[in-house]
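Reader: I'd like to learn to read a model like this one feature at a time. Can we go through it together?

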Amino acid sequence: MKQLFPIRHVMGYVFSLILSVVALAVIVWDMSFTTAITILLICAAIQAAVQLFMFMHIDEDKSNKASNYTNIAYALFVGLVTIFGTLFTMIWGYL
Amino acid sequence: MKWDEFFVTGEPMIYGAMASIVLVSLAILVGLTYFKKWGYLWREWLTTVDHKKIGIMYILSALVMLFRGGVDALMMRTQLAGPDMKFLDAQHYNEVFTTHGIIMILFMAMPFIIGLMNVVIPLQIGARDVAFPRLNAVSFWLFFSGAMLFNISFVIGGSPDAGWTAYFPLASLELSPTVGNNFYSIALQIAGIGTLMTGVNFIVTILKMRAPGMKLMRMPMFTWSVLITCVIIVFAFPVLTVALALMMFDRMFGAQFFTMANGGMDMLWANLFWVWGHPEVYIVVLPAFGIYSEIISTFSRKNLYGYKSMVISMVAISLLSFLVWAHHFYTMGHGAMVNGFFSVTTMAIAIPTGVKIFNWLFTLHKGRIQFTTPMLYSLAFIPIFTIGGVTGVMLAMASADYQYHNTMFLVAHFHYVLIPGTVFAVIAGMYYWFPKLFGFRLNERLGKLAFWLIAICFNVTFLPLFFLGLKGMTRRMYTYSASTGFGPLNLLATIGSIGLAIGFAVLVYSIYWSFRYEPRDTTSDPWDARTLEWATHSPVPEYNFAVTPNVKSLDAFWFWKKDKQPLFEDKIEEIHMPNNNGQPFVLGVIFFFFGFFMIFSWWTPAIISGIAIVVMLAVRSFERDHGRHISVKEINKTEQQLRGDKA
């Protein structure tokens, strides 16, 4: 029975709910811009980890470790390049 | 909405097109009924999950789209043949160059490449099918419905007319109020989802389904190039998905992402478009490099020179391809820092590409070269592509680019890259792998005739455009006066384009001729090739390999032939195969109507078809389909038949 119960999915679901409430609190309590964005960024990072470990089980299959983490690294690279590259070309580049 | 707004009116050529669409559709319906082929079509093609048949359907669609895009090109060249021509008006010309660009890149080059991937990859890695056969069928039908949706735009509603890049603010609702650019955002979105799923599917296939013993560094070069291409697809296409979605919100729901007022940023579209658009160039060109590597090594009778450096340079290209996008809009007006940065990265990407060129040259060096049709295309590719590459480095210099930007020089450059880099490759690949699919080669005499026509006329068409660009003729201008002096070179280019059209006509005729008269191949390895796809019968049985090969080296099939290195050691066992299914086709049809209603903002039917899509997905989640098994007896029978044994 222990193997059958999807404990990680349930935990992931609970974490997601908590994170959503925290994100909503930022709006409800009317925080300063810096505090709000800091909280949101930390939440986003935790949410990404929840997604990868709780729902997608990235650490489950040991034989695929290398390709899984290479893909994540590649995704991070492309994501960061897109975000900071866009800021660089569209805003900072004019300074 | 009135009928004359729904259908495109007032243009005799469009009426002709409408009539021919109706007649051809009727002819197909009548023909299918008369020859009683409806059942065959449904069982063998529309419901298939077999990677080879899906590949053939991709390639057929690509050839049809090549015709459509080619007609667009000929119309443009006719309009530009002389000064002050009245063949097309400005609006019609805008629509034609827009659809030419989108169709050639997204509905011709991509499906042709993906078709060859489908046909070849599972065979090259010794697999029975792709990792997710049903998903593969969904990919195809989504691509197909997207392509059809885009193609009906020229008779219903009007085509997009803001260029294939659809730059804002021109493509905004304010300046392009017709549904044309809605076709752009929705049709590309649907086809893009299909491509994204193909990317996922082939990454998993290549990483998980290789035959025992085939380590990553023993994979054929085409498989390597497809793996890297699919990684780029998976990371680049989401950017397009998001950009198209934002465009849709802007045009249909009054959002202000790319508008000029209310905090919108029009150049952000160009930015996001090229964040996807530049990797897209490598998505169509890297598999082509893989095809050339296979062909050059086969017909030089040598293994590929610098296998490792080929792989490393492709990985380098895949990373660098995400770092160069701003070179498409140097003239936007950002500072020297931005332009300098992107100049350097753009020039850097020429290095790994140059490494590959030298690897091919060294593979040819001291090889016993056979001048077959696929080899001719590969040999022509090297010098022509190098011209494209060198002019690319010229364009990469930001300060010089202010002169070249959006002139015919640019048009000539990217045709010099994409036609040898992709079109030559897919034609060469089609000639090379055709006997594997159909059991006979395409006729060599006709093939070589088509090759010389295409290769020579390509240069006659596009070389003059470099000089026109340097003289100041801009891209996308629909007419010019005699005093500009653009006339003679434009006429030369138009003559070349007619020759190019004749070349493609010969190519199509050679396919027809070979189906009827070409002698059938009995060896299953007509080119004396090196990779695993040639180790099974031609045409390939549905299970690909009766026995899974055990790979012991790079080019294992070659060493099996020459050194008697063992390859098929296991006994024939029962084979587990996926079942055919009609759901992917139905899903494609629903997506077509969903997209159509969205484009015209007919919300009620759009919501209904949207719900239908969700229902289809839910049905699939609860379905249990464990596939079927082919018995040993049946396999033995098929094998005997394909070997030609008298049972």
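Author: Sure. A helix here is a DSSP run of H or I with at least four residues, numbered from the N terminus. With that, Pro539(B) can be placed in the loop between helix H16 (487–517) and helix H17 (556–563) of chain B. Keep in mind that this is a predicted model.

Reader: What kind of peptide bond joins Ser538(B) and Pro539(B), cis or trans?

Author: Cis, with omega about -15 degrees. Chain B has another case to look at: the bond from Phe168(B) to Pro169(B) is cis too, omega being near 5 degrees. Pro169(B) belongs to the loop between helix H6 (133–151) and helix H7 (180–208) of chain B.

Reader: Which sign does phi have at Lys36(B), positive or negative?

Author: Positive, about 55 degrees, although Lys36(B) is not a glycine. You'll find Lys36(B) in a loop as well, with helix H2 (12–34) on one side and helix H3 (38–46) of chain B on the other.

Reader: Now helices. How do I describe two of them packed together?

Author: Two packed helices are described by the angle between their axes and the distance between the axes. Let's take helix H12 (residues 373–396) of chain B as the hub, and start with helix H14 (residues 408–438) of chain B: their axes come within 8 Å and cross at roughly 160 degrees.

Reader: What does that make H12(B) and H14(B), roughly parallel or roughly antiparallel?

Author: Angles over 145 degrees count as roughly antiparallel, and H12(B) and H14(B) are therefore roughly antiparallel to each other. Their crossing is left-handed. Sorted by class, the residues in this contact are 18 nonpolar, 8 polar and no charged.

Reader: And how does helix H9 (residues 266–300) of chain B pack on H12(B)?

Author: At an angle of about 115 degrees, with the axes 9 Å apart. The range for roughly perpendicular runs from 65 to 115 degrees, so H9(B) and H12(B) are roughly perpendicular to each other. H9(B) passes H12(B) in a left-handed crossing.

Reader: Which residues of H9(B) and H12(B) meet there?

Author: From H9(B), Tyr292(B), Ile295(B), Ile296(B) and Phe299(B); from H12(B), Pro374(B), Met375(B), Ser378(B) and Phe381(B). By class that contact has 7 nonpolar, 1 polar and no charged residues. As for the spacing, an α-helix has 3.6 residues a turn, so residues three or four places apart point the same way.

Reader: What about H12(B) and helix H15 (residues 444–471) of chain B?

Author: Those axes come within 9 Å and cross at roughly 15 degrees. That makes H12(B) roughly parallel to H15(B), and H12(B) passes H15(B) in a right-handed crossing. H12(B) brings Thr373(B), Leu376(B), Tyr377(B) and Ala380(B), while H15(B) brings Glu444(B), Gly447(B), Lys448(B), Phe451(B) and Ala455(B). The tally this time is 5 nonpolar, 2 polar and 2 charged residues.

Reader: Where in H12(B) does the kink lie?

Author: At Phe381(B), shortly before the proline Pro383(B), and the kink is about 30 degrees. For the span, H12(B) has 24 residues and reaches 34 Å from first C-alpha to last, close to the 34 Å expected at 1.5 Å a residue.

Reader: One more: how many residues of chain A are in contact with chain B?

Author: 12 residues of chain A, and they are in contact with 16 residues of chain B. The chain A side divides into 7 nonpolar, 5 polar and no charged residues.

Note on methods: Residues are numbered from 1 along each chain as its sequence is written. Chains are lettered from A and ligands numbered from 1 in the order in which they are written. This is a predicted model: local features need pLDDT of at least 70, side-chain atom pairs count only at pLDDT 80 or more; totals for chains, interfaces and linings use all residues. Two residues are in contact if their C-beta atoms, placed from the backbone, lie within 7 Å. Ala, Val, Leu, Ile, Met, Phe, Trp, Tyr, Cys and Pro count as nonpolar, Asp, Glu, Lys and Arg as charged, and the others, Gly among them, as polar. Axes are lines fitted to C-alpha atoms, for helices over the stretch in contact, and angles run from 0 to 180 degrees between N-to-C directions. Helices (H or I, at least four residues) and strands (E, at least two) are DSSP runs, numbered from the N terminus. Angles under 35 degrees count as roughly parallel, over 145 as roughly antiparallel, 65 to 115 as roughly perpendicular and the rest as oblique. A crossing is left-handed if the near helix is turned anticlockwise from the far one by less than a right angle, and right-handed if clockwise. The expected span of a helix is 1.5 Å times one less than its number of residues. The bend at a residue is the angle between axes fitted to the seven residues ending there and the seven starting there.
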